[in-house]
Amino acid sequence: MLNGERLISRPIRWAMVGGGRTGQVGYKHRTGALRDNTAFELVAGAFDIDAERGKDFGVNIGVPENRCYPDYQTMFAEEADREDGIDVVSIATPNATHYDICKAALEADLHVICEKPLFFTTEEAQFIKELAEEKGKIVGVTYGFSGHQLLLQMRAMIEQGKIGDVRVVDLQYTHGFCATDEGDQKNDAQKWRVDPKVAGPSFVLGDLSTHTYYMSQLILPHMKIKKLLCDRQSFVGSRAPLEDNAHVLMHYDNGAVGTMWTSSINAGCMDAQRIRIVGSKASLEWWDSRPNELRYEVQGEPVQTMIRAMPYLDESCNADERLGALHAEGLSESWANIYLKFAMAIDAKDRGDKETLKNLVYPDIDTGLEGVRWVENCVRSADQGAVWVDFE
Ligand code: NAD
């Protein structure tokens with residue numbers, strides 16, 4: 001159980017690039033990182049592409065004015081000259097900027113926490129992985145839902161054989177907010193998501209399904225995709241070649257099969273992110289809209305709903321518990337759990353503590369690279385006419 005007590009020697013000096021006043025995801029980073037004031041302190045930022053607005057915003061959330069920078073290059077250079085300069089930077093900017101900012105941060109000897117989809121190509125991700133290794137830094141990726149504790153319960157139960165052999169992996173991340181092109185015209189955060197120059201090679205595959213794909217890997221760490229087939233469409237034609245809907249079929253190396261439906265045109269759907277794992281004896285099912293509940297369905301027995309924070313859950317799951325039973329947890333706690341692990345990883349890396357790093361389960365550079373690989377393979381299959389391709 002977590003109660004905010006110090007787990008590392010001092011709070012890590014943290015800065016953000018992006019995530020300013022108009023940014024959609026910035027506040028999620030801050031609720032995560034600043035949940036326990038023993039993990040991170042926000043001391044600097046280049047919060048906005050508009051330097052003045054970024055400074056005004058930074059001052060308004062309590063960052064010293066002289067550390068609200070006009071751009072990330074100035075921030076990295078000036079912070080490097082301070083004795084109390086930043087240790088780590090979070091990147092919460094549109095996709096096309098991630099690679100350059102990440103590279104510049106590592107070259108400035110900073111740890112990095114970056115938004116997904118990490119980059120456009122696996123070559124870029126591989127380069128950043130090597131650079132991070134050379135610099136002795138960690139790169140974390142904010143798969144923000146993956147801190148929900150019941151995912152670790154699923155992982156533990158599958159490892160313990162509670163559902164038998166895994167046969168079917170049924171994944172879905174859909175919503176209906178882009179059923180028309182209205183937002184593409186009016187909403188800045190939506191405009192760039194359908195522009196390949198800024199979004200990269202995909203829309204919903206990168207924007208939505210990378211989250212669910214990472215969670216499936218967290219739950220099933222030993223299962224690897226062997227082949228996949230992706231069929232993608234742009235139901236709103238102006239979005240082509242970027243898809244607003246895709247179905248993916250997967251074959252895993254252990255004989256299991258899987259599907260992923262990802263869509264932003266699931267009209268009427270407010271949020272449907274779902275993971276169902278079907279085994280030879282039983283199934284597990286979890287929805288991010290009901291993160292405190294896990295369905296355990298044993299063939300021939302009454303369905304069980306397992307509830308977060310209860311003593312019958314696995315130790316690995318309850319280790320991330322914060323509020324106790326009787327109280328619901330949600331997305332903020334999920335982000336806080338991930339950020340706490342980033343803090344512990346950074347601290348361990350700085351101390352050369354390989355044992356802690358080996359045992360810490362968190363979305364690291366390999367998971368970011370895997371997300372890029374997922375998108376690349378899906379796009380390659382779809383663009384050849386929805387054919388089976390080896391997962392490379
Ligand atoms: P957004 O368009 O709402 O906000 C982008 C922010 O970055 C703005 O504050 C903008 O001023 C700033 N910015 C842009 N270029 C900059 C630069 N060079 N220097 C400094 N600031 C800059 O976008 P968003 O929806 O917040 O998405 C940002 C990233 O977060 C994307 O990669 C997206 O995929 C990801 N995202 C992740 C989650 C999640 O759950 N992890 C949720 C939403 C978005």
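A single salt bridge is found across the interface of domain 1 and domain 2 in this predicted model. The domain assignment gives residues 12-145 and 339-363 to domain 1, and residues 149-318 and 370-390 to domain 2. Each domain is thus listed as two segments of the chain. Between K116 and D207, the side chains form a salt bridge with an N to O distance of 3.6 Å. K116 falls within the 12-145 segment of domain 1 and D207 within the 149-318 segment of domain 2. Polar contacts across the interface of domain 1 and domain 2 amount to 4 residue pairs, with both residues of each pair at pLDDT 80 or more. On the side of domain 1 that touches domain 2, 11 residues are nonpolar, 6 are polar and 3 are charged.

The extent of the interface was computed in terms of contacts and of buried area. In contact across the boundary are 20 residues of domain 1 and 27 residues of domain 2. The two domains bury about 1800 Å² between them, and carbon and sulfur atoms account for 64% of this area. Of the area that domain 1 buries against domain 2, 38% comes from F120, Y143 and F145, a share that no other three residues exceed. The C-alpha centres of domain 1 and domain 2 are separated by 26 Å.

Two annotated features were compared with the model. In an unreviewed UniProt entry, residues 12-143 carry the feature "domain: Gfo/Idh/MocA-like oxidoreductase N-terminal". Helix makes up 39% of residues 12-143 and strand 20%, with the end C-alpha atoms 20 Å apart. The feature "domain: Gfo/Idh/MocA-like oxidoreductase C-terminal" is placed by UniProt, again in an unreviewed entry, at residues 155-390. For residues 155-390 the helix content is 36% and the strand content 25%, and 26 Å separates the end C-alpha atoms.

Over the whole structure, the search returns 38 salt bridges. One of the pairs is R13 with D87, whose closest N and O atoms are 3.8 Å apart. R13 belongs to strand 1 (residues 12-18), whereas D87 is in the loop between helix 3 (72-80) and strand 3 (88-92); the pair lies 74 residues apart and links distant parts of the chain.

Backbone geometry was examined for cis peptide bonds and positive phi values. Most peptide bonds are trans, and most residues other than glycine have a negative phi. The bond between K116 and P117 is cis, with omega at about -15 degrees. P117 is located in the loop between strand 4 (111-114) and helix 5 (122-135). K116, which precedes P117 at this cis bond, is also the residue paired with D207 in the salt bridge described above. A second cis peptide bond runs from A240 to P241, where omega is near 10 degrees. The loop holding P241 connects strand 7 (225-233) and strand 8 (245-252). D109, although not a glycine, has a positive phi of about 60 degrees. The position of D109 is in the loop between helix 4 (98-107) and strand 4.

Definitions and conventions
Residues numbered from 1 in each chain as written. Predicted model: local features only at pLDDT ≥ 70, side-chain atom pairs only at ≥ 80, totals over all residues. Heavy atoms only, no water. Domains from an automatic or database assignment. Contact = heavy atoms within 4.5 Å. Buried area = accessible area lost by both parts, 1.4 Å probe. Salt bridge = Lys/Arg side-chain N within 4 Å of Asp/Glu carboxyl O. Polar contact = N/O pair within 3.5 Å; in protein donor to acceptor, adjacent residues only side chain to side chain. Nonpolar A, V, L, I, M, F, W, Y, C, P; charged D, E, K, R; others polar. UniProt positions renumbered as here; feature names shortened; annotations may be inferred. Helix = DSSP H or I, 4+ residues; strand = E, 2+ residues; numbered from the N terminus.
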